[in-house]
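Please open the model in a viewer and keep the selection panel at hand. The tour below proceeds stop by stop.

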Amino acid sequence: MNRTTLSLIAGTTALAAVTGFAVLSAPDPTAADDGVEAAAAQLPVERTSLLCPTPSTSDLAETTYTSFTPVTKGAEGEGTAELRSAAKGRSAAADAKDGEGDGEKDGDGEEPAEDGEEAAAGEKAADGEKGEKAEKPVLEPKEPGKPVVADVSGGEAPALVGTAEGRLAPGWTVQQTTEVAAGTGRGLQGVNCAAPDTEFWFPGASTATERTDYVHLTNPDDSAAVVDIEIHGKDGALETEAGEGITVQPHSAEPVLLSTLTDEEQTDVTVHVVVRSGRVGAAVQALDDTLGGDWLTASADPAGSLVLPGIPEDATAVRLVAFTPGGVDADLKVQLASPSGLITPAGNETVHVKGGMTTAVDLGDVTRGEAGSLVLTPTGRSVPVVAAVRVLRGKGDDQESAFVPAARPVGLRATAVGNTAEGSTLAVTAPEGAAKIKVTASAGSEGGTPASETYTIKAGTTQHIEAPVPDGVKGTYALTIEPESDGTPVYASRTLSADDDGLPAFTVQVLPDDRGLVAVPKAEEDLSVLQR
């Protein structure tokens, strides 16, 4: 039989590069040494989609959106990006083509638009039958390497959907930061706008009386999404009939108040969001009557070992919430990666997590004045778990809360945006071995010159890095983190802080790989072995 060279895999991976949905993997560092040609190249993605939840319903809310695309080698040519209301999320081209069938008439009984009329038709279609002009995007970046900022006031700001293509797609990152002056959830609330997905885990949510927790669901697509929300408490799954089969209409957002899904009040629960059809963005807005509030983003996928990076040095209380999805119990060793190395908290050396039940443990002021990261590893058999910590800062009536979920590794590069000359701190940890990282500060949104510094992270430690500041910076700026040590996983988070009349307002975002690069096999792979 003749050997046949197939290129189907090349087409598949090319599609992944276009959509931005692909598995990222670092190149094999030994391949070049062995004289063997690398099996895959790291190429920039050509399209990235992001979703931002509705920021706040408070009239006192002040929200800032910051967009940034790192300069990426190989990402050349043209590029577009925009962030707009989810309700206006359809492109002009898609709207203009509504109703086009066999080339006779469109949905309004008119002749189909000619090519030159497409943009005008799109402007009208976005606002339905009234034919009003489409709203302008909230953000419309024009070039990589420079942050773009937009501000919105009040409680009417909608959920946003965004798409970046071409040279603006690789690593496109958007930060949503909201300041609420008073009331439930007052303080600083921050979240990285995220890609749509089909499953999310949120350990650390609550149905307690003093908490108002919403699961925000955003659908970016042209068809409805159907979602199930499961809630798991200290004794197992809670009855949540209203959480089954929630329909999220096309180009819309649906905030779901957890307390309306169950009659049981529990301080700590794990929320599992499963999408039956379609895809959504999901995040939990956790608001407390007296302790402020923040966004709880999804934990890393269930795994035997987890890292929760960036617990602030002045944390006054840390509460660990863990959950194992299966019916098997998990026993975890608890360690803090401090600036000097891995230490075991006295009295909390291990935690036992019963299968299918949410377990919460108060770790107190576990950092004891030194910033750290929580490292969870199995004491014996490895059982997949998810986890997050709730962190408090301040005392008495001046306390503020934030969350640090288990994080995915930085990978090839992570990006943090919305940084300011004061109040921005990076936490980087390397639990498994020493690592070297390069941190680059971009130009500011209103001016400045980029600056880079290299740091060495000792094995088992967390280094709190006062973020480098661009020379002559004006406005906000972005930070990129690039590991330079092959094979050693690095985890990171960024903390934004602000002192508001004695209130230590803060928010923490973990920093996984920014999905700017995708591993693409060579264009023609010899797959004849698959024909045997």
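Which backbone oxygen does the side chain of T48 reach? In this predicted model, select T48 together with A169: the side chain of T48 reaches the backbone oxygen of A169 at 2.8 Å. T48 itself belongs to strand β2, residues 47–52. Its relative accessible area is 3%, so T48 counts as buried, the limit being under 20%. To display its surroundings, add G162, T163, A164, A169, W172 and R515; T48 is in contact with these residues when its neighbours within four places in sequence are left aside.

Next, move to an open sheet of four strands. Its order is β23-β19-β25-β26, and the pairing is antiparallel. Select 358–364 and 398–405 to show the edge strands, β23 and β26, each of which pairs on one side only. On average, neighbouring strands of this sheet are turned by 20 degrees against each other, direction ignored.

Within this sheet, select residues 317–323 (β19) and 386–395 (β25), which pair in the antiparallel sense over seven bridges. A317 is a convenient place to begin, as it stands opposite L392 in β25.

The last stop is I437, located in strand β29, residues 435–441. Is I437 buried or exposed? Its relative accessibility is 0%, and I437 therefore counts as buried. Now add P483: this residue is 46 residues from I437 along the chain, yet their C-alpha atoms are separated by 4.2 Å. Residues up to four places away in sequence not counted, I437 touches a set of residues that includes V428, Y455, I457, I465, I481, P483 and V490. E453, T454, E482 and E484 are also among the residues touched by I437.

Technical notes. Residues numbered from 1 in each chain as written. Predicted model: local features only at pLDDT ≥ 70, side-chain atom pairs only at ≥ 80, totals over all residues. Heavy atoms only, no water. Pairing = 2+ DSSP bridges. Helix = DSSP H or I, 4+ residues; strand = E, 2+ residues; numbered from the N terminus. Axes fitted to C-alpha atoms, helices over the stretch in contact; angles between N-to-C directions. Buried < 20%, exposed > 50% of the residue type's maximum accessible area, 1.4 Å probe, protein only. Polar contact = N/O pair within 3.5 Å; in protein donor to acceptor, adjacent residues only side chain to side chain. Contact = heavy atoms within 4.5 Å.
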